[in-house]
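Welcome, and please take a moment to turn the model around before reading on. We will walk through it one region at a time.

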Amino acid sequence: MDIVLLTTFTAVLFLLIAAAEPLAARLSLPFSVMLAAIGILIGGGAIFLLRTELTDTLNPIAESVLSLPIRSSVFMYVFLPTLIFQATLEMNIRRMLDDWVPILTLAVVAVVVATLTIGFALSWISGLPLMVCLLIGSIVSTTDPSAVVSIFRSLSAPKRLARIIEGESLLNDAAAIALFGLFMGFVMLGVPNPDLGEAVGRFPGLIIGGALAGWLVARLALILMSLFSRFETAQISVSVAVPYLAYIGAEQLAGASGVVAVVGAGLTLNFIGPGRLAPGFWINLREVWGLLAHWAGALIFILAALLIPRLLVELRLSDLGLVVVVVLAAFVARAIILFGLLPLLTGLRLSPRIQRPYRVAIMWGGLRGAVTLALALAVTESLRVPVETKRLVGIVATGFTLFTLIVQGTTLRWVIGLLGLDRLSPLDRALSNQVVAVALQSVREGVASATENYDLTRETVRSEAKRFGTRLDEAVERAEAEDNAEILDRDRITLGLIALAGHEREVILQRFRERAISARLSEQALFDADRLIEGARSGGRTGYQRAARSSLRYGAAFRFAAFLRNRLGMPGQLARMTADRFEMLLAKRLILRDLHSFIDGRIRRIHGRRVAELLHELLNRRIEAVDTALEGLRLQYPGYAEELERRFIRRTALRLEEREYAAMREDGLIGSEVHTELMADINRRRAATEGRPKLDLALRKNDLVRQFPLFTDLDDAEMRRLARAIRTRYVNAGHVITRKDTPARSVFFVASGAVEQEVAGQSMRLGRGEMFGQMGVLTSRMRRADVRAITPTSLLVLDETDFRRVLKRSAALREAVRTSLTGKAAGQEVLRLPELQIDAPLGETRAAG
């Protein structure tokens, strides 16, 4: 094609893409359906112009459109990696991990079920070779849930549901294309009915090989991007190369799935990148990829749809029956997953409960589009596939795609309305009325102030005030009428907690934009805030508190890092995770303290004083828990928190200084040259604050021992010996530290947090500076108490030999042991021990004798 025509056609496509979005919104159609309609009109119009006898004037344009170099390789190697890579960069991986069971079920399991269901049904009805039917099944099993996701977002559907569907869309394409490559190989080899076990057995290799290839490319890219840290455009250029190198490397060099490689590369970059790259760069990177993906997605839909009229040229009446079979089989396969497997997983507590109306909407919203057409085109282009097979694959895949776009796509909003998903619940409607009433009262105050400042005419002010007052009175009347009937105190608390967690999320984002916290820590904080929102939605106050407690727990990764350090002598991972926890707790404490003003300024006006006071109480509990956890780390690693706080103060000062320079430039007090020089200086100083101080675990343990009150009277030599012998242990709230009727071989000292000791049905709480387990050690008997942590707790642990040695040398420890013996049956027996006779009072010595 002539370069001028190609450039002109490309420019026209971008104009059509620009017009498609507002047009789709006006017609209440999914954006992808509008793009597909544009592509079909262009392709169908070109064929019509060539075949009609009305005019030959536009034949050159029609021939140019039909001769566009649109091949399946263009879709698979140019557009598809861009779409998949951008989707992985936008994913909240930590939140996805919470829902990995339903995501994998809807993606991988659903694709396999759909491929087998469609394949066997088509083979049974049509008599076609099984491998051809399975190939068609893999082609049409790829879904494009963007339409239903966008509609769910506009309807304020549960975020967790939208997240599950987004995760499905990402892994769905990867699994379907991997299956397509598998079955395509058998079809090209002319194997009509191969061993299904052999085919399925090769599937894991495609997935694992692709994931490893993507991980390797992403890690190499991160190293390269770190070398270019001063040049943002160079870093973005490296990121553009990542999906293509991953795709081509996996496909051509490793013989694995290129799509899985792109997913692996994107997830690796998403997970590791925020901690290695500057926060500002990470924001810009996502914006660039968002624009690239928007263009790629629009172009792939239009260009793929442009081929639809060409693929349907050889349509026969019998082919329509095959399309109907595929449509019915696809719905059956989808229903098996949504109404069979997912409820089973929910019953086993492996998946969140998805209400039936949402499941119906998901099933009806499973549109097919560009990927399906691209895979069908790849079959029709192959010289090693029989001609009749190519024709059937092209027609069936295209017909099925048209059904989903024309029938399902155009009626999706109607179906959602029929299911009642577009209507507010009575509770939400009542809350909306209250919010409007409060907002209008604030607006009235602002308008009154503005009219005084601008000295408007009295008649105008009076008429507008009367009009506004009428609206305000109606809003207040509606709020008061529905308030008592619709909103219970329990519901008010739930809504208040949701609003509080939502504002916490906004504060986190603001801190991230101001570079007060790093991108990695902001993602973890946003992850915790999302959990709070979902916990409040599902469980009210209890769910909110449960989510708040879980954010402070030491997870499996932390325990594994502690194992590496304690058992294998590898402290690096534990040091990094402990430093992350330090920084996260400091940031969380600052953020939580900012939320009290939001409760007083907003929530109190909407939900009343009682709800506001309760939220203040819940928030204070969270702050207290954070302070407790932070104090435990301060005790273990004194001085490190101060270093982090100094870094936070320096970052805050730089942010304020940068804001002042920007204001001076806007006011014309300084020129652009001076501003550039000042900003360069700020960036140099900011780079110095980005690095985090190194955490020395061994050194901090020594300091912790020195600060412990029971060991303060030991000399330096004995203190050093004790520091070598003592072990630190970190436990979560609820963890059982010692159990009744087990051998007593260690004594525990509470460095931070609190534990609860239960003996003979009676409970006693021990806090910082206290010990437990000494009775069992000194009497050489089985333990008589169950001890569990009631907060995140840090412990110092001494074995029996070291404890007895320290007991001989520490008068403070001996006195503490004597005090703990008061009222205990074995007290006199323990007092006779030589370790406790060193400085025993005369009365105790006689009693022991």
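Let us begin with a single pair of side chains: those of D802 and R805 are joined by a polar contact of 3.0 Å. A polar contact here is a pair of N or O atoms within 3.5 Å; within protein, one atom must be able to donate a hydrogen and the other to accept it, and residues adjacent in sequence count only if both atoms are side-chain atoms. You will find D802 in helix α32, residues 800-809. D802 counts as buried because its relative accessibility is 16%; buried means under 20% relative accessible area, exposed means over 50%, and partly exposed lies in between, using a 1.4 Å probe and protein chains only.

A word on what you are looking at: this is a predicted model, in which local features need pLDDT of at least 70 and side-chain atom pairs count only at pLDDT 80 or more, while totals for chains, interfaces and linings use all residues. Residues are numbered from 1 along each chain as its sequence is written, and side-chain values use heavy atoms, with hydrogens and water left out.

Now for the overall picture. The chain has 35 helices and eight strands. Both are DSSP runs numbered from the N terminus: helices are H or I with at least four residues, and strands are E with at least two. Of the chain's 849 residues, 50% count as buried. Take the contacts between residues at least 6 apart in sequence: 78% of them join residues at least 24 apart. Contact means heavy atoms within 4.5 Å.

For a buried spot, go to S138 in helix α7, which covers residues 130-140. With a relative accessibility of 0%, S138 counts as buried. Leaving aside residues up to four places away in sequence, S138 touches T115, A176, L179, F180 and F183.

Next, follow the chain to helix α25, residues 595-607, which bends by about 30° at G601. The bend at a residue is the angle between axes fitted to the seven residues ending there and the seven starting there. Several residues of α25 are buried, among them F598, I599, I603 and I606. Just after α25 comes G608, with a positive phi of about 100°.

On to charged pairs. Side chains of opposite charge can pair when their charged atoms come close. The structure holds nine salt bridges, each being a side-chain nitrogen of Lys or Arg within 4 Å of a carboxyl oxygen of Asp or Glu. One of them joins the side chains of R593 and D627, at 3.6 Å from N to O. This pair links distant parts of the chain, 34 residues apart: R593 is in helix α24 (residues 572-593) and D627 in helix α26 (residues 609-636). R593 is partly exposed, with a relative accessible area of 46%, and D627 is partly exposed as well, at 27%.

Helix α26 also holds a salt bridge within itself. The side chains of E613 and R609 meet at 3.0 Å, N to O, and these two residues lie four apart in α26, about one turn of the helix. E613 is partly exposed, with a relative accessible area of 40%.

Where do the strands come together? Four of them form an open sheet in the order β2-β7-β4-β5, with antiparallel pairing. The edge strands are β2 (736-738) and β5 (762-766), each of which pairs on one side only. From one strand to the next, the twist averages 30°. Strands of a sheet pair through backbone hydrogen bonds, either parallel or antiparallel, and two strands count as paired if DSSP finds at least two bridges between them.

Look at β4 (residues 755-759) and β7 (residues 786-789): four bridges join these antiparallel strands. E758 has D786 in β7 as its bridge partner. A salt bridge adds to the picture, with the closest N and O atoms of R788 and E756 being 2.9 Å apart. R788 lies in β7 and E756 in β4, so this pair ties together parts that are 32 residues apart in sequence. R788 is partly exposed at 35% relative accessibility, whereas E756 is buried, with a relative accessible area of 15%.

Our last stop is the loop between β2 and β3 (746-752), where D741 lies. Most residues other than glycine have a negative phi, and most peptide bonds are trans. D741 has a positive phi of about 65° although it is not a glycine. D741 is also exposed, with a relative accessible area of 55%.

Methods:
Axes fitted to C-alpha atoms, helices over the stretch in contact; angles between N-to-C directions.
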